[in-house]
Amino acid sequence: MSEGNHRTLTVLAGPTAVGKGTVSAYIRDHYPQVWFSVSATTRGPRPGEQDGVHYWFVSDEEFDSMVEHDQLLEWATVHNSHRYGTMRAKVEEALAAGRPVLLEIDLQGARQVRNAMPDSRLIFLAPPSWDELVRRLRGRGTESPEEQRQRLETAKEELAAEPEFDVTVTNDEVRRAAEEIVSLMGLDPAAHRD
Ligand code: 5GP
């Protein structure tokens with residue numbers, strides 16, 4: 001594959017609670033030409049989540065089988081609980097079709113993609129400041145105090161990984177960050193403004 005084709009694979013990672021989900025949702029809504037990988041996960045669906053849309057919800061046995069048959073481009077156990085992985089064949093199909101591909105995955109997964117596909121572009125989504133990250137994590141209100149403490153510990157380690165990435169985008173404002181990301185993917189944000 002030429003470098004140009006490899007560059008159509010973009011990985012978006014960053015510390016917990018930085019707002020990856022919100023920025024991704026913005027890109028999904030405004031840039032339908034971007035192909036989002038739907039990951040497989042062993043965690044159960046949250047209210048409103050649909051199989052094949054938000055994730056492919058699979059059993060431990062099914063996940064084991066995907067690992068064994070090398071069907072995952074990368075996979076990781078996230079927050080010491082459930083396993084998540086990117087389905088290799090679907091990504092390859094999208095790349096072959098010339099689609100700009102976006103993977104929103106954790107740091108361990110980003111490292112694996114870098115090793116498997118060195119020409120992919122790794123984007124680190126950073127908070128404007130540490131205090132703002134703490135505020136976003138607390139404000140989300142979905143985790144218990146113990147979970148919050150654990151996630152902040154994880155976030156510290158994740159922030160330290162920033163230099164491993166090709167480029168940092170600061171999530172100071174969702175639309176601005178999303179536009180910077182799609183520009184890096186070779187799309188023209190001006191063509192999509194409301
Ligand atoms: P959640 O359970 O809140 O949907 O996601 C938890 C974390 O799993 C997020 O940080 C997300 O980036 C990560 N994640 C989702 N899918 C994948 C995947 O396919 N591979 C890896 N390595 N991480 C993933």
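**Exercise 1.** Determine the strand order of the open sheet in this predicted model, and state which strands stand at its edges.

*Solution.* Step 1: the open sheet is formed by five strands, arranged in the order 2-7-1-8-9 with parallel pairing. Step 2: strand 2 (35-36) and strand 9 (167-170) each have a single partner strand, so each is left with one side that lacks a neighbour in the sheet; these two are the edge strands.

**Exercise 2.** Describe how strand 1 is joined to strand 8, and identify what helix 8 touches.

*Solution.* Step 1: strand 1 (residues 9-13) and strand 8 (residues 121-126) run parallel and are joined by four bridges. Step 2: within this pairing, L12 stands opposite I123 of strand 8. Step 3: helix 8 (residues 174-184) packs on the sheet, where it touches strand 1, strand 8 and strand 9. The direction of helix 8 makes about 155° with that of strand 9.

**Exercise 3.** Characterise the surroundings of the ligand.

*Solution.* Step 1: 15 residues are around the ligand, of which S39, R43, Y55, Y84 and D106 come nearest. Step 2: the shell divides into five nonpolar, four polar and six charged residues. Step 3: examine the contacts to ligand oxygen atoms. An N or O atom in the side chain of K20 is 3.0 Å from an oxygen atom of the ligand. For the side chain of E104, the corresponding distance is 3.2 Å. G85 contributes a backbone N or O atom, 3.3 Å from a ligand oxygen atom. Step 4: the ligand taken alone exposes 520 Å², and the protein buries 87% of that. Step 5: strand 5 (72-78) and strand 6 (82-87) are the elements that give two or more residues to the shell.

Definitions and conventions
Residues are numbered from 1 along each chain as its sequence is written. This is a predicted model: local features need pLDDT of at least 70, side-chain atom pairs count only at pLDDT 80 or more; totals for chains, interfaces and linings use all residues. Side-chain values use heavy atoms; hydrogens and water are left out. Two strands pair if DSSP finds at least two bridges between them. Contact means heavy atoms within 4.5 Å. Axes are lines fitted to C-alpha atoms, for helices over the stretch in contact, and angles run from 0 to 180 degrees between N-to-C directions. A residue is near a molecule or strand if one of its heavy atoms lies within 4 Å of it. A polar contact is a pair of N or O atoms within 3.5 Å; within protein, one must be able to donate a hydrogen and the other to accept it, and residues adjacent in sequence count only if both atoms are side-chain atoms. Accessible areas come from the Shrake-Rupley method with a 1.4 Å probe; for residues, only the protein chains shown count as cover. Ala, Val, Leu, Ile, Met, Phe, Trp, Tyr, Cys and Pro count as nonpolar, Asp, Glu, Lys and Arg as charged, and the others, Gly among them, as polar.
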